[in-house]
Structure formats: C-alpha cells, structure tokens
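Here are some comments on the model you sent round. Please read them with the structure open.

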There are 2 protein chains.
Amino acid sequence: MSHHVITYTKPMGRWEPDGVGRLRKAAMELYVERGFEQTTVADIAERAGLTARTFFRHFADKREVLFNGAAALEAAMVAALVDAPAAATPMEAVGAALDAAAEMLGGNRDYSRQRNSVITSHAELRERELIKMASLAKALGGGLRQRGVADPVAGFAAEAGVVVFRLGFERWVTEADDQTLGEIMRESLQQLRAVTAVAG
Amino acid sequence: MSHHVITYTKPMGRWEPDGVGRLRKAAMELYVERGFEQTTVADIAERAGLTARTFFRHFADKREVLFNGAAALEAAMVAALVDAPAAATPMEAVGAALDAAAEMLGGNRDYSRQRNSVITSHAELRERELIKMASLAKALGGGLRQRGVADPVAGFAAEAGVVVFRLGFERWVTEADDQTLGEIMRESLQQLRAVTAVAG
DNA sequence: TGGGTGATGTCGCTTGATGACATCACCCTA
DNA sequence: TAGGGTGATGTCATCAAGCGACATCACCCA
C-alpha cells in the first residue's frame with residue numbers, strides 16, 4: 001500500500017484520518033473508471049488503504065457509499081417546508097422546500113453531472129436513488145402534516161414535490177442551458193400544474 | 001429428493017410441469033411465513049422441488065419472483081393510453097391507463113393486500129417496486145410521445161399518473177372501505193389536480 | 001503508567017449469483 | 001423404430017456480498 005503523508009488534525013483511526021471520506025472518494029473513482037458492477041468492495045477498500053470488513057462498518061452496502069448527502073438534503077428541505085409562512089398553501093410550502101434544495105445543490109453542476117451519470121448507468125444505483133426519493137416524499141408529507149395539512153392533500157403535495165424535484169434536477173444536469181436550478185424548479189412546478197389542470 | 005406423484009398435462013421439463021409457477025408459489029409462501037430475509041433461495045427451490053441453480057435460470061434475483069405481473073400491467077396501461085381518443089388531453093389519456101390498471105387489479109383485493117404487505121415490510125422489495133413504477137412512468141411517457149405529446153408535458157403527465165396510481169392503490173389496499181379501485185383512482189386524480197392548482 | 005475506548009484488521013462463515021458441463025425426457029425425422 | 005436434436009434441469013466450482021467474533025493498536029485520560 002501507498003504511504004499517505006498527512007497532517008494530523010483530528011486523527012480518527014489508527015492510521016490516516018477520515019477513512020469514511022477516503023472510502024467515498026475511492027468508490028466514486030472506481031465506479032467511474034470501471035463501472036459499478038465491475039468494482040468489488042475489496043477494490044474500494046484497497047484503494048482507500050482499508051479492508052473490506054471496514055467498508056461494511058461504515059456503509060450498509062456497496063451502493064450506499066454514493067448516497068450520503070441525501071439525509072442532509074432531506075433535512076434541509078423539510079426544515080424549509082416547516083418554516084414556510086403559516087399562510088402558505090401546501091404546494092407553496094413544498095415550493096419553499098424545492099428552493100432550499102436548489103440552493104443546496106445548485107452550486108456545483110459538474111459534480112452533480114458526474115454523480116448522476118454514474119447512477120443512471122447502473123440499475124442497482126437507480127434503484128437506491130428511488131428509495132431516497134421515496135424517503136424524501138415521506139419526509140415532506142410528514143412536514144406538511146406537522147403544518148396541519150390533512151392526509152390526502154399532504155400525500156399528494158409531497159409526491160408532486162418529488163416529481164418536480166426529480167424532473168427539474170434531471171433537466172438541470174442534462175440540458176446545458178444557463179438557467180439556475182432554482183429557476184428550473186419553479187418552472188417545473190408550473191408545468192406540473194398546467195398539465196394536471198386539464199385532467200379528465 | 002421427494003417423489004412427487006403428478007398427472008402430466010403438458011410436461012415442460014424433466015419432471016413435474018410448471019417449474020416457474022411452483023417457484024413463484026413457494027417464494028410467496030415462504031416470504032409470508034418467515035419473512036423475505038429469512039428465506040434463502042435454496043429454501044424456495046427445495047419447496048418447489050428444484051435446485052437453487054434453476055431458480056436463477058428463471059428469475060434474475062430473489063426479489064424478481066414477486067414482480068412478474070408488472071410487465072403485463074404496464075403493457076395494458078400503455079395500450080389503453082395509446083388507444084385513447086385522439087382528442088383526449090394528455091391527462092385524460094393517462095386516466096384511461098389508470099382505468100385499465102384498475103380493471104386488471106381491482107378484482108382480488110385480498111391477494112393484493114397479502115402481496116402488498118409482504119413488499120412493504122422489506123426495504124429490498126420496496127426498492128424493486130419503485131423500479132417497476134419508474135419503468136411504468138417511462139413507458140407511459142413513451143406512449144404519450146407516441147400520441148404526439150411534446151416532451152416536458154409528456155414527462156409530467158406520466159409521472160403524475162404514476163403518483164395517482166401509487167397513492168390510489170395504497171389507499172385501496174389499506175383502507176377497508178367499499179369503493180372500487182377504479183373509483184379511488186378517479187378520485188385520486190382529482191385530488192392531485194386540486195392540490196397542484198394552488199401552487200406558489 | 002496503566003487501563004479504557006474506538007476504529008481497524010483477521011478469520012471464517014452463510015448467502016447470492018453465475019459459468020461450465022453433464023444428464024435425461026420428450027419430439028422429430030429418417 | 002432407432003437415432004439424434006432440443007430444452008430444462010442437475011451438479012460442481014467459484015466469486016462476491018455481507019456479517020459475527022475476536023484480536024490489535026493508537027490515542028486519551030485518570
């Protein structure tokens with residue numbers, strides 16, 4: 001193994017610090033280099049200077065290593081939703097959550113692009129992404145109920161918010177236009193409303 | 001190995017017929033009896049009178065055995081959507097797809113309940129269910145584009161349809177009321193429209 | 001200076017998943 | 001009617017995922 005020259009700030013383990021960060025970095029690199037299925041946990045651990053057993057102490061499985069920001073994003077969105085003005089309608093509160101998400105993710109489009117391309121090119125990773133979206137929907141629904149929104153409405157507003165988030169985010173990383181993520185989110189919200197308005 | 005006494009109708013293999021059906025049945029039973037994680041592929045195969053190797057010849061993985069009707073459902077929904085009147089709006093065409101789904105699934109609520117309870121109680125199965133829903137959204141979107149619906153609208157209408165399907169189906173299997181699945185689907189569609197109508 | 005703590009390594013096991021090859025019932029044809 | 005072809009299955013071997021149990025060692029603190 002290579003010998004990492006490091007400056008100890010807050011040693012977290014026996015050798016180099018921040019084993020979790022090294023594992024995340026190594027996993028991302030290998031998934032890009034040779035693909036998700038062609039990468040074993042042993043490979044990741046080796047590149048991070050750790051063992052496979054240690055990998056599983058930090059991440060539930062091979063996929064989870066790519067989905068760490070999800071919890072923080074969800075928390076930020078729920079906080080924004082709960083803190084929205086009391087007079088706001090359910091969908092307006094959801095709009096506040098989308099604004100928060102845009103602010104949190106809108107900064108580094110290049111990183112989002114790379115991560116997105118890795119995820120979308122492997123079914124198992126798409127699967128995990130969908131679980132995160134389902135968790136987000138549940139959390140947003142909970143936040144709405146906390147605001148006093150009754151149950152059928154809370155569920156639909158939360159799911160609608162996730163649809164807007166997904167399609168908006170996808171457009172943001174796919175199309176190379178110069179709109180900000182926040183602008184696209186808002187626009188997507190209007191589009192969903194327009195589409196459902198002419199229902200049967 | 002046990003010796004099964006059987007009456008040959010249409011022998012499909014070397015021994016008893018319909019190995020796929022027996023595997024499906026055995027898997028469902030065992031998932032209900034002892035839970036998904038506590039069931040090994042070897043258990044399923046043994047109960048079906050086959051080997052684990054054969055299980056994987058028929059199903060990609062341990063989860064897929066529960067999601068066989070999905071393809072047929074998707075096909076029926078897309079067909080209904082494509083065959084909807086040319087004058088129908090995108091969401092009206094989606095409504096036709098939801099009607100088709102209701103007709104296909106609305107019959108045996110008890111079976112749906114049992115299957116649903118197995119799936120919702122295991123994260124890995126929920127994950128697979130979400131993949132099927134994503135596939136459905138993609139298929140519905142494709143059907144809409146085939147109808148000449150342009151791209152932002154097609155995507156949103158398809159996703160909206162899946163939201164209605166999921167929440168409607170969940171309400172149908174959860175609440176013990178006497179509404180039919182079709183009625184609930186229609187009602188859900190209206191609720192989504194109402195909720196998004198008061199967006200910010 | 002000695003023990004406590006926590007992250008990591010080591011070992012071994014079960015299970016999921018797959019490739020390669022053998023086997024056998026059924027069917028079709030010469 | 002014998003023979004080969006076909007397809008589903010069995011058998012064997014192997015790799016990778018995931019986890020339990022225990023050992024190890026650096027750091028911290030009394």
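The points below cover the basis of the model, the symmetry, the interface and one residue.

1. This is a predicted model, in which local features need pLDDT of at least 70, side-chain atom pairs count only at pLDDT 80 or more, and totals for chains, interfaces and linings use all residues. Residues are numbered from 1 along each chain as its sequence is written, while chains are lettered from A and ligands numbered from 1 in the order in which they are written.

2. A turn of 180° and a shift of 0.0 Å along the axis lay chain B on chain A with an RMSD of 0.1 Å (least-squares superposition on C-alpha atoms of residues with pLDDT of at least 70 in both copies). The two copies are thus related as by a two-fold rotation axis.

3. Chain B and chain A each give 28 residues to the contact (C-beta atoms, placed from the backbone, within 7 Å). On chain B, helix 5 (90–105), helix 7 (123–146), helix 8 (151–174) and helix 9 (181–197) each supply at least two residues of the side that touches chain A (helices are DSSP runs of H or I, at least four residues, numbered from the N terminus). Helix 8 of chain B has the largest share, nine residues. Because 100% of the interface residues of chain B are also interface residues in chain A, the copies meet through the same surface.

4. B:L130 lies in helix 7 of chain B. B:L130 is buried, with 20 other C-beta atoms within 10 Å (buried: 20 or more; exposed: 12 or fewer; partly exposed in between; C-beta atoms placed from the backbone). Neighbours within four places in sequence aside, B:L130 is in contact with A:E127, A:L130, A:I131 and A:A134.

Conventions: Contact = placed C-beta atoms within 7 Å.
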